[in-house]
Amino acid sequence: MLVSEVMLQQTQVSRVDPAWRRWMERWPTPAHLAADPPGEAIRAWDRLGYPRRALRLHACAVAIVERHDGVVPDDVDALLALPGIGMYTARAVAAFAFRQRHPVVDTNVRRVVARIVDGVADGGPATTPADLRAVEVLLPEDHEAAARASVAFMELGAVICTARAPRCEECPMAGVCAWRIAGAPASSGPSRRTQRYHGTDRHVRGLLLAVLRASDDPVPAARLDLVWDDEVQRGRALAGLIEDGLVRERGGTFTLPG
DNA sequence: TAAGCGTGGCG
DNA sequence: TCGCCAAGCTT
């Protein structure tokens, strides 16, 4: 559950599914993952995106072995203290793996609550403590029922109450949805400014890391020079990868961290 | 709080 | 085609 939730941070279910199966077959427990070098986690991450998540998941496995005897903790605060585990993932693991009663708030749930309860088209850009409270009061008292309700809120947002083309005709909440009843007004505020990708440092980092993932041997700098013409930007991107611990330099060659 | 961080699917 | 969006986290 923890591995899948980390993979699902900003990556769609359809792309996570095969990667998750391979990952769990190779590293069935935190101890298995912790015993391998972090570079192997980055390599196995393949093209899921945001490879820092792979590095943090490896660090998470190490922390679980060191602090929790290799057993994933069932306590939200202990989970929150692990690398790469934030407000959403900690509660998702506690609720879905350990069947506890916690509000589990992601972008889907923020949108569902914004529409049904608040009558507005969009939720906020990030989960706030106020969001947690708003969802908490909607949960059934029974822990198992609450865990199932949390799954249902997310699923409703993912399948029916979608961001761009909601299928209100098929929605079981249409009769009580404040947004629907108000005529589904468009969002009022300024829309979130869109992030560019093409030509950004992120783009170049992705190109560089793809070369290193594909190579079993240390890669000479000259080969990295081929992926991006702008030397200044390429150097900045590579330095950033090294700074983040995703890449290691050894005598003019580059590898994933061993 | 806002910006930075990959990659791909979909309308 | 191209911009939006995706089961966020960290600093």
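A polar side-chain atom of R15 lies 3.0 Å from a base oxygen of DNA strand B, a polar contact being a pair of N or O atoms within 3.5 Å, where within protein one must be able to donate a hydrogen and the other to accept it, and residues adjacent in sequence count only if both atoms are side-chain atoms. The model is predicted, with local features needing pLDDT of at least 70, side-chain atom pairs counting only at pLDDT 80 or more, and totals for chains, interfaces and linings using all residues. Residues are numbered from 1 along each chain as its sequence is written, chains are lettered from A and ligands numbered from 1 in the order in which they are written, and side-chain values use heavy atoms, with hydrogens and water left out.

**DNA strand B**

- The protein places 18 residues around DNA strand B, and the closest are R47, Y50, P51, R205 and G206; a residue is near a strand if one of its heavy atoms lies within 4 Å of it.
- Backbone atoms also take part: a polar backbone atom of L48 is 3.0 Å from a base nitrogen of DNA strand B, and a backbone N or O atom of Y50 lies 2.8 Å from a sugar or linking oxygen of this strand.
- Two elements, α5 (52–68) and α12 (201–214), give two or more residues to the surface near DNA strand B; helices are DSSP runs of H or I with at least four residues, strands are E runs of at least two, and both are numbered from the N terminus.
- The element that gives the most to this surface is α12, with four residues.
- Sugar or phosphate accounts for 52% of the atoms of DNA strand B within 4 Å of the protein, and bases for the rest.
- By class, this surface has eight charged, six polar and four nonpolar residues; Ala, Val, Leu, Ile, Met, Phe, Trp, Tyr, Cys and Pro count as nonpolar, Asp, Glu, Lys and Arg as charged, and the others, Gly among them, as polar.

**DNA strand C**

- Around DNA strand C there are 22 residues, of which L8, G84, D106, N108 and T194 come nearest.
- Bases are reached by two side chains: a polar atom of Q12 lies 3.3 Å from a base nitrogen of DNA strand C, and a polar atom of R164 lies 3.0 Å from a base oxygen.
- An N or O atom in the side chain of N108 is 2.8 Å from a sugar or linking oxygen of DNA strand C.
- Helices α7 (87–97) and α8 (107–118) each supply at least two residues of the surface near DNA strand C.
- Of the atoms of DNA strand C within 4 Å of the protein, 66% are sugar or phosphate and the rest belong to bases.
- The surface near DNA strand C has nine polar, eight nonpolar and five charged residues.

**Helix packing**

- Helix α2 (residues 13–26) and helix α4 (residues 38–45) have axes that come within 10 Å and cross at roughly 150 degrees, which makes α2 roughly antiparallel to α4.
- Axes are lines fitted to C-alpha atoms, for helices over the stretch in contact, and angles run from 0 to 180 degrees between N-to-C directions; under 35 degrees counts as roughly parallel, over 145 as roughly antiparallel, 65 to 115 as roughly perpendicular and the rest as oblique.
- In this pair, R22, W23 and R26 of α2 meet E40, A41, A44 and W45 of α4, contact meaning heavy atoms within 4.5 Å.
- The contact of α2 with α4 has four nonpolar, three charged and no polar residues.
- The axes of α4 and α5 are 8 Å apart at an angle of about 135 degrees, and the two helices are therefore oblique to each other.
- From α4, P38, A41, I42 and W45 meet R53, A54, L55, L57 and H58 in α5.
- By class, the contact of α4 with α5 has seven nonpolar, one polar and one charged residues.
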